[in-house]
Amino acid sequence: MYLQLPLLLYLLASVAPSDAGLFTRSSEHVLRGVNAAHHHAVKRSSGLAKDLRRALSGILVAEGDSGAQHVYCISGTSLTNPDTSPGGGGSSGSSPKASGTATASASSPSGTVASSPWKVKQSYEGDSFFDGWSFFTASDPTDGTVQYVDQSTAQSANLTSINSAGNAIMRVDTTAKISGNRQSVRITTNYNYTGALVILDSVHMPTGCGTWPAFWSNGPNWPAGGEIDIVEGVNTYTNNQATIHTNPGCTIPSSNSTVLGITGDVTGGTNCAAAETGNAGCGIRSTSNTSYGAGFNEIGGGVYAMEWVDSGISVWFFPRSSIPSDITAGAPQPSGWGTPMANWPSTDCNPSTFFYQHSAIFDTTLCGQWAGNVWSDTGSPGQSQSCAQITGTSTCAEYVQNNGAAFADAYWEVKSVKIYQTS
Ligand SMILES: *[C@@H]1O[C@H](CO)[C@@H](O)[C@H](O)[C@H]1NC(C)=O
Ligand SMILES: *[C@@H]1O[C@H](CO)[C@@H](O)[C@H](O)[C@H]1NC(C)=O
Ligand SMILES: *[C@@H]1O[C@H](CO)[C@@H](O)[C@H](O)[C@H]1NC(C)=O
Ligand SMILES: *[C@@H]1O[C@H](CO)[C@@H](O)[C@H](O)[C@H]1NC(C)=O
């Protein structure tokens with residue numbers, strides 16, 4: 001639901017602290033808090049953070065863009081959903097082998113790539129892609145019109161598979177009409193890392209009205225362990241947004257891309273602290289319309305790389321046609337990759353203080369607190385018409401329930417996820 005601007009400071013003063021309190025609860029509630037805050041963060045970074053900045057600098061919003069003046073209310077119901085830790089679910093198998101470089105180096109021009117300080121620790125690819133992940137089966141904490149299924153259900157319903165190219169598929173159910181929630185998949189690595197270079201090579205990602213896919217990571221005890229959103233967006237967006245969410249004390253030094261040394265644009269504020277910003281986090285949006293959604297899929301996708309080192313956290317996107325050869329060779333050299341899309345430097349946010357023990361997560365939810373709440377909005381890249389206009393359906397949930405065939409493109413096709421570390 002929407003609240004109007006006059007309630008903004010009320011939200012700031014009263015709601016954020018109660019959210020913060022949630023995250024101090026016992027461990028079985030942590031993931032609930034993580035996800036609640038995660039959706040708060042992403043939906044807020046699409047509008048609220050900008051409004052907060054205006055309000056806090058004493059400027060009343062006078063512009064006529066009603067979409068920009070919407071403030072999403074924090075949903076108490078989402079915070080009381082029954083929830084369990086995906087990491088606590090049944091084991092989905094043994095850890096994947098850490099020898100994924102064999103395949104990659106076989107296709108590289110041997111001898112042309114310098115050695116890398118990064119050693120592959122976990123490689124998820126090919127027939128064993130789904131080994132080493134836990135399937136999350138609780139209610140969607142972001143209130144999506146979605147039901148996450150366990151591994152055997154996903155396999156028998158063909159929501160997960162390995163295709164003839166050897167790539168992992170994670171689909172949304174396309175049954176024509178359903179009455180409740182549409183089936184989907186959400187998986188979390190059993191492995192966790194403190195400092196890493198995470199490299200996702202994806203051919204296709206979910207897109208279309210109603211979809212809200214993400215590839216992201218978080219640590220325990222949210223927001224103390226931090227959260228790093230690498231790939232995220234909704235509906236027919238074409239530009240990716242990467243975001244971090246932290247404990248108080250983490251900021252970015254500027255909202256100016258030149259000063260930050262990034263190719264993306266800061267979408268909201270510069271304070272990344274969840275509890276101090278209504279969970280807005282520090283979001284950075286790509287200027288490339290091939291970085292997400294239909295644009296990404298049209299070019300055969302590409303590689304996302306997230307480097308988490310002492311000097312900060314960075315995200316790069318490489319379209320399929322310009323993936324650095326050192327990545328293909330399994331010997332990544334981030335120092336040669338040029339300006340990242342996003343960077344949160346340690347000068348103002350020391351990773352060793354704000355991030356630890358992250359697991360990587362894929363999910364595809366539908367509607368809910370971001371995709372659903374912006375159903376009637378326009379103005380984001382790729383979204384010149386609203387989904388209400390595009391679909392002729394007034395609510396996201398109604399569309400999802402009655403148009404299974406529309407979700408044929410709501411799938412991930414992933415060549416590999418590799419987690420590199422230096423020791
Ligand atoms: C399962 O899904 C894959 C990928 O979406 C598809 O190629 C294949 O035909 C499906 N198999 C069945 C039996 O439906
Ligand atoms: C991360 O992995 C270590 C080593 O296996 C383990 O002790 C720790 O509990 C894990 N942390 C989380 C949050 O899963
Ligand atoms: C961003 O910083 C650069 C370098 O300091 C400066 O030239 C430019 O005007 C700034 N841009 C904005 C919008 O302030
Ligand atoms: C991306 O932007 C270019 C240039 O504006 C445009 O021609 C193209 O259609 C856009 N692609 C998508 C997928 O929106």
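**Exercise 1.** Decide whether C367 is buried or exposed in this predicted model.

*Solution.* Count the C-beta neighbours of C367 inside 10 Å: there are 31. A residue is buried if 20 or more other C-beta atoms lie within that distance. C367 therefore counts as buried. Next, place the residue: C367 sits in the loop between β19 (359-366) and α12 (368-372). Finally, look at its backbone: the phi of C367 is positive, about 60 degrees, although the residue is not a glycine. Most residues other than glycine have a negative phi.

**Exercise 2.** Find where N158 lies, and decide whether N158 is buried or exposed.

*Solution.* Begin with the location: N158 belongs to the loop between α7 (151-156) and β6 (160-162). Then count: 11 other C-beta atoms lie within 10 Å of N158. The cut-off for an exposed residue is 12 or fewer, so N158 is exposed. As a last step, check phi: N158 is not a glycine, yet its phi is positive, about 60 degrees.

**Exercise 3.** Describe the surroundings of G302.

*Solution.* Start with the element: G302 is part of strand β16 (residues 302-309). The count of C-beta neighbours inside 10 Å is 21, so G302 is buried. Now list the contacts, leaving aside neighbours within four places in sequence: F317, F318, P319, R320 and I323. One further pair links distant parts of the chain: L200 is 102 residues from G302 in sequence, but the two C-alpha atoms are 8.3 Å apart.

**Exercise 4.** Identify which residues touch the most other members of the largest nonpolar core.

*Solution.* This core has 88 residues, and I230 and Y304 touch the most other members. Strand β20 (residues 411-421) gives the most to the core, namely six residues. Take Y304 in detail: not counting residues up to four places away in sequence, Y304 touches L200, F215, I230, V231, V315 and F317. I230 is thus among the partners of Y304. In soluble globular proteins, nonpolar side chains tend to be buried together.

**Exercise 5.** State which residues surround ligand 4, and sort them by class.

*Solution.* The residues are T238, N289, A294, G295, E298 and G382. Sorted by class, the shell has one nonpolar, four polar and one charged residues. A294 is the nonpolar one and E298 the charged one.

**Exercise 6.** Say which residues the cis peptide bond at P223 joins, and where P223 is found.

*Solution.* The cis bond joins W222 and P223, with omega about 0 degrees. P223 is found in the loop between β11 (211-218) and β12 (227-232).

How values were computed. Residues are numbered from 1 along each chain as its sequence is written. Chains are lettered from A and ligands numbered from 1 in the order in which they are written. This is a predicted model: local features need pLDDT of at least 70, side-chain atom pairs count only at pLDDT 80 or more; totals for chains, interfaces and linings use all residues. A nonpolar core is a set of buried Ala, Val, Leu, Ile, Met, Phe, Trp, Tyr and Cys residues joined through C-beta atoms within 7 Å. Helices (H or I, at least four residues) and strands (E, at least two) are DSSP runs, numbered from the N terminus. Two residues are in contact if their C-beta atoms, placed from the backbone, lie within 7 Å. A residue is near a molecule or strand if its C-beta atom, placed from the backbone, lies within 6 Å of it.
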